[in-house]
Amino acid sequence: MASVGASPQRGFGWNRETATLALLSFAMLVVSLDQYIVVVALPDIARDLGYSAQTLQSVISAYAVASAGFLLFGGRAADLIGRRRVLATGLALYAGAAFAGGLATGPGMLLAARAVQGLGGALVFPTTLALINVTFVEGRVRNRALGVWGGAGAAGLVIGVLLGGLLTRAFGWEAVFLVNVALAGPALLLAFVLIPKDRQRDRGRKFDLPGALSVTLGVTLIVVALVQGPGLGWLSPGILFSAAAGLALLGVFVLIERNSSDPLVPPRLLANRSLITSLVIAFMFMATFGSVLYFLSVYFQEVLGYNALETGAGFLIPTAIVVAGSTTAGQMVTRFGLKRTLLGALAIGAVGAVLLGLAISPDGSYTSLIPGLVALSIGDGIVFTSMFIAAGTGVSDREQGIASGIASTGAGMGAAVGLAILVLVATAGLGDLTGAQLRDETADGISSTLFVVAAGIALTFLVALSRRETKAEAVPVPVPVPVPVPCQGRRC
């Protein structure tokens, strides 16, 4: 698909490109929802399916592991096999796995469904981003389109918790899975209507199957080690083997890439500073901003005593602000430049994390959290969109899929690493505590976690500060001024 779309001088209007943008943003919303939609339902899932406190987190991590491991694969597949085919395959896997999850009768079946959902999400995520980047020309129009897409994706993380609370309260935990069937099904059908048929595959380009398998399995094993390390012990044989095998496979991947005539990750992409910076920022973003939702949900339920519905309602304010920030981020990048937009958003987000850390206490209230929630959500929304604008900058249409896969892999790994580390911080010293003492220490642990998040956002600020901008990125794009048309004939 060539870079077409609305003229840089005009708004979107309602046309095929705008309808495609709406579909891709909706698909992004659907897969983003699932990262946290089950968080509020976890207590009910544990009770009905027999999870222990030590194994319950696996309901979340099964999705994260599969998603992070296959994002690079999904991005490359989109470039070579066809973006419409890969998007449709991902949505079909996602919907089918969600249906199986809603019917699960035991932990094994639910974990398998969550893993397949993660695989489906790994195909959808980079493909929607690639399709946005090849549909709209780089610059003002693409930035606006990515603002809409980013708003849907960032909002999905927050809306997932809100929707999870509503559905769990009204229909039971099964509804948080079955709702995805109702959402992904129509998107799958519309993909065949709105997205042009894929061109015939270029036989001169190879898929690099050995490289894809080695990096996918390597990333998966490393994420498994990071996710399971806190529970099994970092020095346990299984964790050490998983980490060592994952690193070895990534080493094999590097060797394969060096000798490949058509590598999975073209060397010229690794020389793209904008893409590499976006990879690092995406990793740090999900490790910090992306992990806060989990701990806020725990705080609402375990400390403030909210039920599932009240917990979901607690995310109404962050949802609205994240959507607004993400949607306007593209216009902010166009006006102020990518670097300044990122730095401003990260600074606001760091302040928000500190304010939340100060407000969280055993006797705290929701009202005291609002200033921190507002600031953190502003940073969350703007950074989410901006980092993916950076990922597609200076990348050719034929490589947008793999570029999107690289950036989203960073985000996926950041989510796993961040949650693993922050859970250790939040639960340190809880031991065998019960009752009021457990409640008090849980609040203190989450408060400490928010300060660690603030430090992580500050580190991300330094990464963004070191980023070099091109002249095109640094200079704001002038707003076109309409040229008066001379009066003619009856128009006078």
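Is Phe388 buried or exposed, and what is its relative accessible area? Select Phe388: it is buried, because its relative accessible area is 1%. Buried here means under 20% relative accessible area, exposed over 50%, and partly exposed in between, with a 1.4 Å probe and protein chains only.

This is a predicted model, where local features need pLDDT of at least 70, side-chain atom pairs count only at pLDDT 80 or more, and totals for chains, interfaces and linings use all residues. Residues are numbered from 1 along each chain as its sequence is written, and side-chain values use heavy atoms, without hydrogens and water.

Add Phe384. Its relative accessible area is 4%, so Phe384 is buried. Both Phe384 and Phe388 sit in helix α15 (residues 366-392), four residues apart, about one turn of the helix. Helices are DSSP runs (H or I, at least four residues), numbered from the N terminus.

Next, show aromatic rings. The whole structure holds 14 aromatic pairs. Rings of Phe, Tyr and Trp (its six-membered ring) pair if their centres lie within 6.5 Å; planes under 30 degrees apart are stacked, over 60 edge-to-face, the rest tilted. The Phe384 and Phe388 rings have centres 5.3 Å apart and planes at 65°, so this pair is edge-to-face.

Now widen the selection to Phe125, Trp149, Phe285 and Phe289. Ring pairs link these four with Phe384 and Phe388 into a cluster.

Move to Tyr299 and Phe300. Both are buried. Their ring centres are 6.4 Å apart with planes at 45°, so the pair is tilted.

Finish at Leu369. Among its contacts (heavy atoms within 4.5 Å) are Tyr299, Phe300 and Leu356, leaving aside residues up to four places away in sequence.

Methods
Helices (H or I, at least four residues) and strands (E, at least two) are DSSP runs, numbered from the N terminus.
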